[in-house]
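Colleague: Could you take one part of this model and walk me through it closely? I'd like the cut-offs spelled out as you go.

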Amino acid sequence: MANKIITDALKNGRTVLTEVESKQLVAEAGIPVIKTKLAKSKAEAIEVSKKLGFPVAMKIVSPDIIHKSDIGGVKLNLANATQVGRAYAEIMAAAKKANKKADIQGVSVQKMAKPGVEVIMGMSKDAQFGPVLMFGLGGVFVEVLKDVAFRIVPLVKRDASQMIREIKGYPLLEGYRGQEPANIAALEDLLLKLSAFVDKTPQIKEMDLNPIFAYKNGAVAVDARVILESQA
Amino acid sequence: MNKSAESTTKKLDRVFNPRSVAVVGDKQALGYMWLRSLSSFKGKVYSVQIDPQELPGIAELGVQNYLSLMDIPGPVDYVIAAVPRAVAPRIVKDCIQKEVGGVCFFTSGFAETNTEEGIRLQDEITNLARQADLLIIGPNCVGVYNPKIGLRHNPIQVYGNGGSVAFIAQSGTHATLFTLAGARHGIKFSKSVSYGNAAILDSTDYLDYLRTDEDTKIIGMYIEAVKDGRRFFRCVRDVAVRKPVLIWKGGESEEGARATASHTGALAQSNIIWQTLIRQCSAIRIENLDEMIDTVKALLYIKPARGDRIGLIAMSGGQSVAITDAFAKAGLKIPLLSQSSYDRLASFFDIIGGSYRNPFDISSSFLMSENALSNLDNMFDVMEQDPNIDCIVLELFTIISPFSQDLGKPDPLLDTISGFKNRSKKPFMTIVSAAHRETLALEVRDRLMAKGIPSFPGFERGAKTLKRLVDYYRFRQGQYLN
């Protein structure tokens, strides 16, 4: 399955996988992901939303648009069919405005995830040491403060547990100011699964699981982005 | 271990422990540096030199000269080549034919110059050596140091007693500086090697060799680049659980951001991944030569630290404040002692102008006081027995010498400190800063070192070293660091 997604994308000259494809790969790594469906029309978006249950989130699906929210390609908390329909039209307009030639496959529809502590996990390849994993708190913590920790693949259990505790924001995961604590063991488990997956899938060049919502009893990847090595 | 690594280890053993060494191309212009360095060598030394003008100088050193490696009657284990670079390929061919153990090229002017000719010549000697399975150390390096057998690369390096510290350095200067400085700091070497351009052997090969070297208990490394990063990572991870590995990565300044499409890629800069590797492998990150010296000394002479709570003894109020600041800033704790310790201190502490919370301020008049030594001994014991204290630090300042200037006689203060160091089960270090005379501070440090008492030149260096040690032992036990 993972191989088919990868081969198909490369056959079509794409190295950037869509959200739906990325999530299929991540799910195959054994990492829980928010169920996400592709809808190719307004009617389909509404139908899928009803099936998944409101509220939903909708995002543009296009291999040519990487930074979806920057161009207005993400709509959250859509509570009913009317809102879904309107959001669909807005997303399409925004996408066309951003890139006239973009290949637009539709929108991804997913049930809004229950909010948790936002964390990011990712992989990139170091020129000397090969694949490395990153862990950090999501949003401003990663983007502005760069409060992240790395480990070289393959990780052992100790690596996973130490890298989570290495970040400055670690107390936030323990339940800061009455917030529900994150399940650290579940996060360690995700890192180890990611390490194993990356280790046996050398075609992947980079990936972000951002955000992952961490809860008291588990964690789930809400968005995923996978970039493949271009074929030499 | 695969077969080729096994045979490399075997061959390196011959290079690090040669019974015969040949120097090719030593000359007056170098001050016969190589042959003079080998005056201490326990095995056979040969010279190979074809320039008749150099021959009298070589004869004067009592070294037998030959016109070719091939003319040397017996086997040659290790060759040092200081020849013009254009001659290097011929020397490699001779080494192959002579079946030597390995050759170190002091010669430079190869790939490091980034010139076409330099790169071509390095490729040529590399290919020749690879085909014949010959070990090349370097080029552009000073090669091997093994003091136990008097194998040196500098005539002022010490020899005779080997030690337990090995050093692997890409730079010849760093290899020379660290091994020379080591002698002053009680650091004795099992082996060291500088490996320059790493044409055949890279740092990983030497590290892998030292992994099983029984004389080597601590390994320091100075690295500018590695060739096979994955292999290096696996090797460090494997070795660092057996022996402390200290890594000083040269050229750490940040590289430009790479083009990347993910957050992870944008943040994973090369210097950060090097730091990650060092940490992940439980190696010790070193940033300069002073830190290398301090940390190796600490590993040799300070007992494994079990915690980060430090008991401080300083010689004045001002120094008590300064030493506390330095150790706290380094991330260590300076806790209060237990009540029973304070009760005990109250029973004997009679130093006017002193105080005893933590730090103990023993006041500058301390040395003149009647009960100075018994007071100090009691203070040491209070720190030793207090459950709130993991490590003990004593400051000695050098406005005047704390020790008697009659070097022939034992000094009672030095004996008191030494007696405590020997009976203490806790990590213990001294700080000796210079006031107006560096030479006086040096003499005090030397006299401490002669008793196996490590001293550090300044609060900051001492504090950072102790913190590095505390972190090392904790991290190795799988604890978490922030």
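Modeller: Here is a close look at one helix pair, followed by its surroundings.

First, the ground rules: this is a predicted model, where local features need pLDDT of at least 70, side-chain atom pairs count only at pLDDT 80 or more, and totals for chains, interfaces and linings use all residues. Residues are numbered from 1 along each chain as its sequence is written, while chains are lettered from A and ligands numbered from 1 in the order in which they are written.

Now the pair itself, in chain A: helix 6 (residues 157-166) and helix 8 (residues 184-200). Helices here are DSSP runs of H or I with at least four residues, strands are E runs of at least two, and both are numbered from the N terminus. The two axes come within 9 Å and cross at roughly 125 degrees. Axes are lines fitted to C-alpha atoms, for helices over the stretch in contact, and angles run from 0 to 180 degrees between N-to-C directions. Helix 6 of chain A and helix 8 of chain A are therefore oblique to each other (under 35 degrees is roughly parallel, over 145 roughly antiparallel, 65 to 115 roughly perpendicular, and the rest oblique). The crossing is right-handed, that is, the near helix is turned clockwise from the far one by less than a right angle.

Who does the touching? Helix 6 of chain A brings Lys157(A), Ala160(A), Ser161(A) and Ile164(A), and helix 8 of chain A brings Ile184(A), Leu187(A), Glu188(A), Leu191(A) and Leu192(A). Contact means C-beta atoms, placed from the backbone, within 7 Å. By class, that makes six nonpolar, one polar and two charged residues (Ala, Val, Leu, Ile, Met, Phe, Trp, Tyr, Cys and Pro are nonpolar, Asp, Glu, Lys and Arg charged, and the others, Gly among them, polar).

Helix 6 of chain A also turns up where chain A touches chain B, as one of the elements giving two or more residues to that side. Strand 5 (117-126) and strand 8 (204-215) of chain A are also among them. Across this interface, 30 residues of chain A are in contact with 22 residues of chain B. The chain A side has 14 nonpolar, six polar and 10 charged residues.

As for the partner, chain B has 17 helices and 18 strands, and its C-alpha atoms fill a box of roughly 80 × 65 × 35 Å along the principal axes.

Key:
Contact = placed C-beta atoms within 7 Å.
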